[in-house]
Amino acid sequence: MPSRSANSSQIQTYWQKFLPWLESCAILAWGITLLKLWLAGQLYLLIHPNYIPLTIIAGLGLTIVGIAEAWRVSKRRQGYTNNQQHVTLIKPSLSSSLLLIVAIISLFINPRPFTSEKAIHRGVIDNIADARTIPQSFRASNRPEERTLVEWVRTISAYPEPDAYKGQKVKLTGFVVHAPDQPDNMFLITRFVITCCAADVYPVSLPVKIAESRANYPPDKWLQIEGQADVDIKDGKRQVVIVASNITAIAEPKNPYDY
């Protein structure tokens, strides 16, 4: 039976042989990961569409660089050298190993949209009509039923008088959030807004009043809501509420975020 020292020496020998390939494998793995996310249509879950072309270019560039680096290593056939001309906080082998491990994990994990639990955690209940950004333009003449949920919220944020919207037709899509402080006949229709990447998404919502128990519409269920705007009072403050006349279950969109 081989001794532990012999096994350790053998593992060390294999590691030393692999070290020259480590950096090229890490670069190539990240290039493949970005391209895989693009081809699978999953980049929409991670970044704003404006940045998708740059991400695709980065994926192609990393793949090409990784292949070129692997070709260079194969030609040199030399052992790994740790002689550095500058000081680094992390050894190149360690940093490349971490990059490779994260890229491999990313290849096998499919990103998922945020859920109602995340919406509550990010303050959707406290900021129902807060879009965090001032509308670049406001078209008072646009048909209310053609506004998206985000357009409704931004419009209300810019013109916060609830009576101004009473009776206007509404047609919205989003997912359900059950706010703990709402009655059983109300829920929040919600969308996440992404400005750059998934790390900075924030939720926007409007309360929906129904004629039945909200238990019929479980959290995270995607719905199309048709109805009209009305005024409701919560904690002594008037707010816009959607009185639903027709609710239709829909499939989760390929791109669930708004902008």
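Analyst: A residue is called buried under 20% relative accessible area, exposed over 50%, and partly exposed in between. The model discussed here is predicted.

User: Why is Glu146 called exposed?

Analyst: The relative accessibility of Glu146 is 51%. Exposed means over 50%, so Glu146 counts as exposed.

User: What makes Glu146 and Arg143 a salt bridge?

Analyst: The closest N and O atoms of Glu146 and Arg143 are 3.3 Å apart. A salt bridge requires a side-chain nitrogen of Lys or Arg within 4 Å of a carboxyl oxygen of Asp or Glu, and the pair therefore qualifies. Arg143 counts as partly exposed because its relative accessibility is 47%, a value that lies between 20% and 50%.

User: How do you know that Arg238 and Asp163 meet in a salt bridge, and where in the chain do they lie?

Analyst: The N to O distance between the two side chains is 3.0 Å, and the limit is 4 Å. The pair links distant parts of the chain: Arg238 belongs to strand S5 (residues 237-249), Asp163 to the loop between H5 and strand S1 (169-177), and 75 residues separate them. Arg238 is partly exposed because its relative accessibility is 42%. Asp163 is partly exposed because its relative accessible area is 46%.

User: What makes Lys209 and Asp232 a salt bridge, and are these residues buried, partly exposed or exposed?

Analyst: The closest N and O atoms of Lys209 and Asp232 are 3.9 Å apart, and the rule accepts a pair within 4 Å. This pair also links distant parts of the chain, with Lys209 in strand S3, Asp232 in strand S4 and their positions 23 residues apart. At 27% relative accessibility, Lys209 counts as partly exposed. Asp232 counts as buried because its value is 18%, and buried means under 20%. In addition, salt bridges that share partners join Arg143, Glu145 and Glu146 into one network.

User: How many salt bridges does the rule give?

Analyst: The count comes to 8 salt bridges.

User: Why is Arg147 said to have no salt bridge?

Analyst: The nearest side chain of opposite charge, that of Glu151, is 6.4 Å away from Arg147. A salt bridge must fall within 4 Å, so this pair does not qualify. Arg147 is nevertheless buried, and its place is the loop between helix H4 (116-121) and helix H5 (149-158).

User: What makes the approach of Arg147 to Gln168 a polar contact?

Analyst: The distance between the two side chains is 3.2 Å. A polar contact needs a pair of N or O atoms within 3.5 Å, and the value therefore meets that cut-off.

User: How do you know how many disulfides there are?

Analyst: A disulfide is a covalent bond between the sulfur atoms of two cysteines. The rule asks for a pair of cysteine sulfur atoms within 2.5 Å, and by this rule the count comes to 0. For the sulfur of Cys196, the closest cysteine sulfur is in Cys197 at 4.6 Å, which is too far for a bond. Cys196 counts as partly exposed because its relative accessibility is 34%. Cys25 is partly exposed as well, at 28%.

User: What makes Tyr51 part of a patch on the surface?

Analyst: Tyr51, Leu54 and Ile57 form a nonpolar patch with about 310 Å² of accessible area together. Membership requires over 30% relative accessible area. Tyr51 has 36% relative accessibility and therefore passes that step, while counting as partly exposed. Tyr51 lies in the loop between helix H1 (4-39) and helix H2 (52-76).

User: What is notable about the phi of Asp220?

Analyst: The phi of Asp220 is near 80°, a positive value in a residue other than glycine. Most residues other than glycine have a negative phi. Asp220 lies in the loop between strand S3 (202-209) and strand S4 (222-234), and at a relative accessible area of 34% it is partly exposed.

User: Where is Ile120, and why is it called partly exposed?

Analyst: Ile120 is in helix H4. Its relative accessibility is 34%, which lies between the limits of 20% and 50%, and Ile120 is therefore called partly exposed. The C-alpha atoms of Ile120 and Pro180 are separated by 9.6 Å, although the two residues are 60 apart along the chain.

User: Which elements does the protein contain, and what percentage of its residues counts as buried?

Analyst: The protein has 5 helices and 6 strands, and from the N terminus on they run α-α-α-α-α-β-β-β-β-β-β. Of its 259 residues, 36% count as buried.

Key:
Residues numbered from 1 in each chain as written. Predicted model: local features only at pLDDT ≥ 70, side-chain atom pairs only at ≥ 80, totals over all residues. Heavy atoms only, no water. Patch = residues over 30% accessible without salt bridge, like charges linked within 9 Å, V, L, I, M, F, W, Y side chains within 5 Å. Areas by Shrake-Rupley, 256 points an atom, 1.4 Å probe, with all protein chains shown as cover. Helix = DSSP H or I, 4+ residues; strand = E, 2+ residues; numbered from the N terminus. Buried < 20%, exposed > 50% of the residue type's maximum accessible area, 1.4 Å probe, protein only. Lys, Arg positive; Asp, Glu negative; His and termini not counted. Polar contact = N/O pair within 3.5 Å; in protein donor to acceptor, adjacent residues only side chain to side chain.
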